[in-house]
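Please look over the sequence and the fold below. The text after them follows one helix and then the cores.

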Amino acid sequence: MSKRKQFTIEEKANVIFHLKKGEKNSDMANELGVGHSTISIIWKARDKIEQEFQNEKLSVKKLRNCTHTDLENILLRWFKNQRNLCIPINGSIFQQKTNELAEGLGKHNFNCWTDWIQRFRARHNIVFSTINGKSKSVNTKITKNWLEKVWPKLREGYTDDQIYNADKTGRFYRMLPNRTLKFKGEKCSTGKMSKERLTVLVSASITGKTMKLIIIGKSRNPQ
């Protein structure tokens, strides 16, 4: 049995870079001499890999001293206030706010690039994290029994095209992001989230045929 190839974090980041440019999974797999599943695993973990790659670059490269101390101090105070209010802050929000503050300070030629954000985060020990939510496990014994004993009787007389599964879901169109920048070691939680939503019914047959979405919004004349 051949030894499984081990990739460095830099090599994984390079694979992700080429996939983002539009190169095919199969071409990358053939070039590197690995299976398609290996490339797929790297792609699925791209967020974590890119974060580790950036951290590795920053740990090797000596961080430059801050050349915009006034901007950095104001930005840090703003970020602390947002975290105290449990407001999620992603990269886009952070970048937009930085540019707004720079403009307010008269730094009209300043542009907040990714490298500047990475150095700011490294200087102040800020990391990216997923906001924790609730999870519930499924009883596999019950589902297995249902599939083996109940389901065959229920589907008698129906073709796969005639059997649909439908479920409703909520579209929270004003929901804040569930990932945020935070200080390392800080508990990652948030306050009350927006409840404004649309209810959507989605359905598909066993063969993959889908039905038109049914959307329920707010009544024009609520009782």
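Which residue just after α6 takes a positive phi? Gly106 does, with a phi of about 85°. The model is predicted, so local features need pLDDT of at least 70 and side-chain atom pairs count only at pLDDT 80 or more, while totals for chains, interfaces and linings use all residues. Residues are numbered from 1 along each chain as its sequence is written, and side-chain values use heavy atoms, with hydrogens and water left out.

Helix α6 (helices are DSSP runs of H or I, at least four residues, and strands runs of E, at least two, numbered from the N terminus) covers residues 91–104. Its 14 residues should span 20 Å at 1.5 Å a residue (1.5 Å times one less than the number of residues), and because the end C-alpha atoms are 20 Å apart, the two values agree. At the N-terminal end, Asn90 acts as a cap, with a side-chain oxygen 3.3 Å from the backbone nitrogen of Ser92.

Phe94, Thr98, Leu101 and Ala102 of α6 are buried (under 20% relative accessible area; exposed is over 50%, partly exposed in between, with a 1.4 Å probe and protein chains only). They cover an arc of only 100° around the axis (taken from the directions from the helix axis to the C-beta atoms), which puts them on the same side of α6. Ser92, Gln96 and Gly104, on the other side, are exposed.

The largest nonpolar core (buried Ala, Val, Leu, Ile, Met, Phe, Trp, Tyr and Cys residues joined through side-chain atoms within 4.5 Å) has 17 residues; Leu75, Phe79, Phe94, Trp116 and Phe120 touch the most other members. Two or more residues each come from α5, α6, α7 and β3.

Definitions and conventions
Polar contact = N/O pair within 3.5 Å; in protein donor to acceptor, adjacent residues only side chain to side chain.
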